[in-house]
Amino acid sequence: MAIPMGKVLTKLTIINRTDQVLAARGFISLDQVRSVTLGNVLVDTGATTLCLSSATIAELGLELLKEVDVSTANGISKARIFRDASISLHGREGTFECLELPSGRDALLGVIPLEALGLELDLQKQTLRVLPTESINTYLTIL
C-alpha cells in the first residue's frame, strides 16, 4: 500500500512512567510495567501533543490529569488529558501528557513530543529525522 505524499507514519512504544518508577524502586516487577507498541502512528503537525485512544490509555493504566476544551475540525469539545505516558521513538525517550481520543481512533504524535525529542518531519522521504544533540548543530537551545 502506497502512503500518500506528505504523510508520515511511525512505530511508537508507550510505557506507563509511574509503573517504571515503581519497578525501579522495587515495588513491582519489571514484567508488571505496562506498555504498548503501536505501528502506523500518524505524525500530525496539526496536533499539539500525543493523542491516544481511550482503549490504549486504559491498557496502559494512565492517570487522569484534567479535562480541557479542545479545538477540532468539528468545533470545540471536551477532552481528557492523562499524565505520565513515556514514549520511546528513534532512540529518544520522553514523558508527556496525552489527550484521549475516542476508542477506535488511531494514535497521533503531535509537535510538542517531536520538538522535545529532537525529531523533525522529512516529508519528501516520509520519515522522521533525528536531530543532533552534539556540537554546534545541537537542537537543544537555551536563549
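**Exercise 1. Locate E100 and describe its surroundings.**

Solution. Step 1: E100 belongs to strand β6, which spans residues 92-101; strands here are DSSP runs of E of at least two residues, numbered from the N terminus. The model is predicted, so local features need pLDDT of at least 70 and side-chain atom pairs count only at pLDDT 80 or more, while totals for chains, interfaces and linings use all residues. Residues are numbered from 1 along each chain as its sequence is written, and side-chain values use heavy atoms, with hydrogens and water left out.

Step 2: E100 has a relative accessible area of 17% and is buried. Buried means under 20% relative accessible area, exposed over 50%, and partly exposed in between, for a 1.4 Å probe and protein chains only.

Step 3: The side chain of E100 makes a polar contact of 2.7 Å with the side chain of R80. Such a contact is a pair of N or O atoms within 3.5 Å; within protein, one must be able to donate a hydrogen and the other to accept it, and residues adjacent in sequence count only if both atoms are side-chain atoms.

Step 4: Beyond its neighbours within four places in sequence, E100 is in contact with L52, S54, I57, R80 and F82, where contact means heavy atoms within 4.5 Å.

**Exercise 2. Determine which strands pair with β2, and place V43 among them.**

Solution. Step 1: Two strands pair if DSSP finds at least two bridges between them. Strand β1 (residues 8-16) runs antiparallel to β2 (residues 35-43), and seven bridges join the two. Within this pairing, L12 has L38 of β2 as its bridge partner.

Step 2: β2 also pairs with strand β7 (residues 108-109), in the parallel sense and over two bridges.

Step 3: V43 lies in β2 and stands opposite L109 in β7. With 7% relative accessibility, V43 is buried. Its contacts, not counting residues up to four places away in sequence, are V8, T10, L109, L114, L121 and L128.

Step 4: V43 and L108 are 65 residues apart in sequence, yet their C-alpha atoms are 5.9 Å apart.

**Exercise 3. Describe the position of T49.**

Solution. Step 1: T49 sits in the loop between β2 and β3 (50-53). Its relative accessibility is 15%, so T49 counts as buried.

Step 2: A polar atom of the T49 side chain lies 3.2 Å from the backbone oxygen of E97. Apart from neighbours within four places in sequence, T49 is in contact with several residues, among them E97, L99 and P113.

**Exercise 4. Explain why C51 and C98 form no disulfide with each other.**

Solution. Step 1: A disulfide is a pair of cysteine sulfur atoms within 2.5 Å. The whole structure contains zero disulfides.

Step 2: For C51, the nearest cysteine sulfur is that of C98, 8.2 Å away. The two sulfurs are unbonded because this distance is too far for a bond.

Step 3: Both residues are buried: C51 has a relative accessible area of 7%, and C98 has one of 0%.

**Exercise 5. Characterise the largest pocket.**

Solution. Step 1: The largest pocket holds about 530 Å³ of space.

Step 2: It is lined by 23 residues, of which C51, V70, S71, T72 and L99 are the closest to its centre.

Step 3: The elements giving two or more residues to this lining are β4 (63-72), β5 (75-89) and β6. β5 contributes the largest share, five residues.

Step 4: On a 1 Å grid over the protein atoms alone, a pocket is an open set of points where a 1.4 Å probe fits, with protein on both sides within 12 Å along at least five of seven lines; lining residues have an atom within 4 Å of a point. The volume is the space filled by probe spheres set on the points.

Methods. Helices (H or I, at least four residues) and strands (E, at least two) are DSSP runs, numbered from the N terminus.
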